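Here is a short, friendly briefing to read alongside the model. Keep the viewer open as you go, and pick out each element as it comes up.

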Amino acid sequence: MNNIHEDSVDFQSNSQEEKQQLSVQSVLSRGSQEEIKFIKGQAGHSDDECSTDLEDDIFTSSRRLNLSPSDVYLKACKQTGAVPVSYILCHLDDAILDLNYYGLGPLGAKALAILLKSHGVVTHLELKGNSLQAEGTQYLMAMLFENISIQSLNLSDNKLGLKGAEVISKMLSDNRKLKSINLSENDFSDAAAKCLAEALKNDFVVKELDLSYNCICDAGGEDLGVMLAENIGIEVLNLSWNHFLIRGNAALIAGLKVNATLKQLQLSNSGFGRPEVQLMAEVLQQNDTLVLLDLSINCVDDEAVRLLCQGLATNETLEVLKLSRNPITKIGATTLLRTVKNNMKSALKEIDISSVLVCETFVELLEETRVTRPALRFQYYILPSVTKNLLALGIFKKFFEEQNKSIMDFFQALDKEGTMKVSTSAFRKAVKEANIPLDQQQLGWLVRKFDKNCTATIVYSQLTELS
């Protein structure tokens with residue numbers, strides 16, 4: 001699906017949109033008769049005042065002429081010089097206004113802000129990839145001081161930089177209704193992170209904050225860590241794909257340690273290695289609010305998994321753990337699964353290690369775990385050869401069931417001296433002679449399964465797999 005839309009007033013030929021086109025023409029015609037002065041050109045207004053003033057004369061005119069929201073928007077477009085967006089005119093009654101990648105720019109943002117200043121229908125405003133910059137953001141923040149309906153705002157990928165962060169921080173310092181704000185991909189530096197962190201320290205309204213894909217380093221991580229320690233509102237925090245090292249990550253984890261509200265923390269590609277994981281494990285031992293932790297695309301290896309398991313062994317609240325695209329092997333995967341299996345109070349429902357090649361032992365242990373934890377979902381990577389091997393035991397059992405014979409009788413027939421054990425070579429030969437439908441690979445795996453200690457002997461009396 002193409003998310004890039006054309007900013008145009010060339011509507012498709014259907015009745016509703018033809019009416020909108022007539023509305024464009026009629027309003028612009030009225031606008032030429034009732035010329036509205038640009039506030040920026042009025043005497044007595046400084047440049048700073050112009051940047052946040054949202055053309056109050058349009059609202060005066062709209063009340064006097066009883067203009068509809070579409071008329072207000074079109075007048076605002078004419079006055080600001082913005083190109084009207086047909087999608088806005090056709091979705092004025094939608095609670096979710098999706099304007100991602102519409103190329104609004106600062107002037108388009110200003111016209112939209114004028115509309116939304118008094119239009120109380122929209123609750124979720126999507127503005128990703130519109131090149132708003134700090135100027136366009138300033139108009140939107142001024143609008144939010146008066147708008148009473150918008151609760152979710154997506155400003156990602158808008159080239160906001162430090163100036164944009166400063167404008168948003170001013171709004172957040174007096175925020176009363178915005179619950180979710182997405183600020184990813186905006187070239188935010190440590191200075192920008194500091195502004196936002198200061199504004200959010202005492203905020204209790206914002207529940208979701210996305211600062212992923214920015215340029216925040218250790219200093220910004222330290223500021224965000226302090227914010228996390230003092231904030232009592234944020235429940236979802238995404239800091240993935242920034243430039244944290246151990247100092248920044250340690251500060252974030254220290255903040256998490258005393259935070260009492262955060263439920264979801266995403267730190268994908270954030271420089272996590274063994275030292276950071278050990279600190280996180282200490283948090284998990286006592287934290288009782290975090291339900292999702294994303295540490296994908298980091299430096300978490302088998303040893304780091306072992307350290308993390310020290311926290312998972314006693315944690316009772318974490319439900320989702322994401323560890324994909326880390327240097328974890330089947331050893332780490334099995335260690336993780338065994339820890340979850342042994343913690344009877346674990347709340348884990350989903351574990352993502354989708355980039356890890358697991359072995360037969362892991363899959364069998366997962367089946368055992370699901371006997372008591374049927375809802376547990378593990379994402380992992382398995383080779384066709386492993387899947388094939390896992391069928392071997394079932395094929396072996398089914399053969400004797402169809403023959404109405406006992407597997408124990410099969411082994412005892414090979415055990416001439418009654419020692420309760422047979423050599424692996426004798427077992428291989430007997431399986432082939434009996435025409436049991438196992439190929440060489442499956443037979444080799446079955447031998448390794450029955451002779452776990454590689455002694456070349458199968459003690460068949462101890463084979464719990466056959467019971």
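Helix H15 has a buried set made up of Glu360, Phe362, Val363, Leu365, Leu366 and Thr369. In this predicted model, those residues pack against helix H14 (330-342), strand E10 (350-357), E11, helix H16 (384-390) and H20. The chain around H15 holds 20 helices and 13 strands, and 51% of its 467 residues count as buried.

**H15 and its link to H20**

- Glu364 also belongs to H15, and its side chain meets that of Lys449 in a salt bridge, with N and O 2.7 Å apart.
- Glu364 sits in helix H15 (residues 360-372) and Lys449 in helix H20 (residues 440-450), so this pair ties together parts that are 85 residues apart in sequence.
- The two partners fall into separate accessibility classes: Glu364 is partly exposed, with a relative accessible area of 21%, while Lys449 is buried at 10%.

**H17 against H20**

- H20 has another partner to look at: its axis and that of helix H17 (residues 392-402) come within 9 Å and cross at roughly 90°.
- H17 and H20 are therefore roughly perpendicular to each other.
- On the H17 side, the contact is made by Ala392, Leu393, Ile395 and Phe396.
- On the H20 side, Gln442, Trp445, Leu446, Lys449 and Phe450 take part.
- By type, the residues of this contact divide into 7 nonpolar, 1 polar and 1 charged.
- Lys449 thus turns up twice in this briefing, once in the contact with H17 and once as the salt-bridge partner of Glu364.

**Other salt bridges**

- A search of the whole structure finds 12 salt bridges, and two further examples follow.
- Arg306 and Glu303 form one of them, at 2.5 Å from N to O.
- Both of these residues lie in helix H13 (residues 302-312), 3 residues apart, which is about one turn of the helix.
- Why does that spacing suit a pair? An α-helix has 3.6 residues a turn, so residues three or four places apart point the same way.
- Arg306 is partly exposed at 39% relative accessible area, and Glu303 is partly exposed as well, at 26%.
- Glu198 forms a salt bridge with Lys201, where the closest N and O atoms are 3.1 Å apart.
- Is Lys201 buried or exposed? With 18% relative accessibility, Lys201 counts as buried, whereas Glu198 is partly exposed at 42%.

**The sheet**

- 11 strands make up an open sheet with parallel pairing, running in order from E1 through E2, E3, E4, E5, E6, E7, E8, E9 and E10 to E11.
- Which strands form the edges? Strand E1 (96-98) and strand E11 (377-381) do, each pairing on one side only.
- From one strand to the next, the twist averages 5°.
- Within the sheet, strand E7 (residues 264-266) and strand E8 (residues 292-294) pair in the parallel sense over 3 bridges.
- To find one of the paired positions, select Gln266, whose bridge partner in E8 is Asp294.
- The edge strand E11 is also among the elements that the buried residues of H15 pack against.

**Contacts across the sequence**

- Among contacts between residues at least 6 apart in sequence, 80% join residues at least 24 apart.
- Ala229 makes a good local example of a neighbour that is distant in sequence: Leu256 is 27 residues away along the chain, yet the two C-alpha atoms are 6.4 Å apart.
- Ala229 is found in helix H10 (residues 218-230) and is partly exposed, with a relative accessible area of 34%.
- Setting aside neighbours within four places in sequence, Ala229 is in contact with Gly255 and Val258.

**Backbone points to check**

- Most residues other than glycine have a negative phi, and most peptide bonds are trans.
- Lys159 has a positive phi, near 55°.
- Lys159 is found in the loop between strand E3 (152-154) and helix H8 (161-172), and is exposed at 54% relative accessible area.
- Tyr213 also has a positive phi, near 55°.
- Where is Tyr213 found? Tyr213 is in the loop between strand E5 (208-210) and H10, and is partly exposed at 45%.

Key:
Residues are numbered from 1 along each chain as its sequence is written. This is a predicted model: local features need pLDDT of at least 70, side-chain atom pairs count only at pLDDT 80 or more; totals for chains, interfaces and linings use all residues. Side-chain values use heavy atoms; hydrogens and water are left out. A salt bridge is a side-chain nitrogen of Lys or Arg within 4 Å of a carboxyl oxygen of Asp or Glu. Buried means under 20% relative accessible area, exposed over 50%, partly exposed in between (1.4 Å probe, protein chains only). Helices (H or I, at least four residues) and strands (E, at least two) are DSSP runs, numbered from the N terminus. Two strands pair if DSSP finds at least two bridges between them. Axes are lines fitted to C-alpha atoms, for helices over the stretch in contact, and angles run from 0 to 180 degrees between N-to-C directions. Angles under 35 degrees count as roughly parallel, over 145 as roughly antiparallel, 65 to 115 as roughly perpendicular and the rest as oblique. Contact means heavy atoms within 4.5 Å. Ala, Val, Leu, Ile, Met, Phe, Trp, Tyr, Cys and Pro count as nonpolar, Asp, Glu, Lys and Arg as charged, and the others, Gly among them, as polar.
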